[in-house]
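Hi everyone, thanks for coming. I'd like to walk you through one structure today, a piece at a time, so please have the picture open in front of you.

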Amino acid sequence: MPNEKVKILIADDDKEIRDILTLLLRAEGYEVVSACDGKEALDLADDEISLYILDVNMPHVSGFAAGAEIRKQSYAPIIFLTAYSGESDKTMGFSAGADDYIVKPFSNTELLLRVKAHLRRSREYSSRQADHTKSGASARIIYKDLTLDPDSQTVTRNGQPIILTYTEYRILELFLTHRKKIFSMDNIYESVWEEEAVSDSTIMVHIKNLRKKLGDDSRNPQYIRTAWGKGYYAD
């Protein structure tokens, strides 16, 4: 079975949503564990979880808080579920470590497509890193005071770790492995998500959050530069 051993954790204080998502994902062959709030999600989080689906508004510990804690120890994709669609809400979600953000109500088909896409990208990336490790090749990327280590998917600045989401890491890696090339938002989406671009603010929010974590001033950037009307690049 293609989805064998793929475990997904669902956290939502609405039992009906938990039950529906559990049935939906199990029908696709995934193993599912569920939590009724953020605290229980943190208790259940471990290295065997391949993907997290977290509701934002939960008692005791919110989805944002749970996601931020999970991201400190795991690079597994995190999808937030929320009733809010504003850019500020997306910014908060991505700042908390989200890889995706789905607004309620959503279609079952949309959620499954997002889940499969994130799992596919995560598997493909892990496979590439395993190939690097087997070959013994040093794949570290050094740019100014930043060091990217694809084997461990980590970023440091002057030796100090910077915690990025998987998506943020992929965007930064894209820029630094194609220096001086200007990427439009569609180019970035298609390169990182590996599917046709959607017209929303997702890329802008990721860039904003990535710059914040890098300590990059958008008015005088050191790392990610803006080509006005064209896109973004690293010089």
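Let's begin with Arg-71, which sits in helix α3, the stretch from residue 63 to residue 71. Keep in mind as we go that this is a predicted model. Is Arg-71 buried or exposed? Its relative accessible area is 6%, and the limit for buried is under 20%, so Arg-71 counts as buried. What does the side chain of Arg-71 make a polar contact with? The partner is the side chain of Asp-99, at 2.9 Å. If you look around Arg-71, leaving out residues up to four places away in sequence, you'll find that it touches Ala-76, Pro-77 and Ile-78. Arg-71 also touches Ala-96, Gly-97 and Asp-99, and then Ile-163, Leu-164 and Thr-165.

Now let's step back to the whole chain. You can count eight helices and 11 strands in it. Of its 235 residues, 48% are classed as buried. The accessible surface adds up to about 11700 Å², and carbon and sulfur atoms account for 50% of that. Here is another way to see the fold: take the contacts with a separation of 6 or more, and 58% of them are between residues 24 or more positions apart.

Next, please find the sheet with strands β6, β7, β8 and β9. These four strands form an open sheet in just that order, with antiparallel pairing. Which strands are at the edges? They are β6 and β9, the latter covering residues 160-162, and each of them pairs on one side only. From one strand to the next, the twist averages 25°.

We can follow the chain through part of this sheet. β7 and β8 run antiparallel and are joined by four bridges. Thr-147 is opposite Thr-156 of β8. The two strands make a hairpin with four residues between them, and in that turn Gln-153 has a positive phi of about 55°.

The next step along is similar to describe. Three bridges link β8, residues 154-157, with β9, and this pair is antiparallel as well. Thr-156 comes back here, standing opposite Pro-161 in β9, while Arg-157 has Gln-160 as its bridge partner in β9. How many residues lie between β8 and β9 in their hairpin? There are two, and Asn-158 in the turn has a positive phi of about 55°.

What packs on this sheet? Helix α6 does, touching β6, β7 and β8, and its direction makes about 110° with that of β7.

That helix brings us to the inside of the protein. The largest nonpolar core has 26 residues, and the ones touching the most other members are Val-155, Leu-172, Phe-175, Ile-188, Leu-214 and Ile-224. Two strands, β6 (141-143) and β7 (146-149), each give two or more residues to this core, and so do the helices α6 (166-177), α7 (185-193) and α8 (202-214). Which element gives the most? α6 does, with six residues.

Let's zoom in on Phe-175 for a moment. Beyond its neighbours within four places in sequence, Phe-175 is in contact with Phe-183, Ile-188, Ile-207, Ile-224, Tyr-232, Tyr-233 and Ala-234. There is also a second, separate core, made of 22 residues, and among them are Ile-49, Phe-64, Phe-80 and Ala-96. You may remember Ala-96 from the start of the talk, where it was one of the residues touched by Arg-71.

How values were computed:
Residues are numbered from 1 along each chain as its sequence is written. This is a predicted model: local features need pLDDT of at least 70, side-chain atom pairs count only at pLDDT 80 or more; totals for chains, interfaces and linings use all residues. Side-chain values use heavy atoms; hydrogens and water are left out. A nonpolar core is a set of buried Ala, Val, Leu, Ile, Met, Phe, Trp, Tyr and Cys residues joined through side-chain atoms within 4.5 Å. Buried means under 20% relative accessible area, exposed over 50%, partly exposed in between (1.4 Å probe, protein chains only). Contact means heavy atoms within 4.5 Å. Two strands pair if DSSP finds at least two bridges between them. Axes are lines fitted to C-alpha atoms, for helices over the stretch in contact, and angles run from 0 to 180 degrees between N-to-C directions. Accessible areas come from the Shrake-Rupley method with a 1.4 Å probe; for residues, only the protein chains shown count as cover. A polar contact is a pair of N or O atoms within 3.5 Å; within protein, one must be able to donate a hydrogen and the other to accept it, and residues adjacent in sequence count only if both atoms are side-chain atoms.
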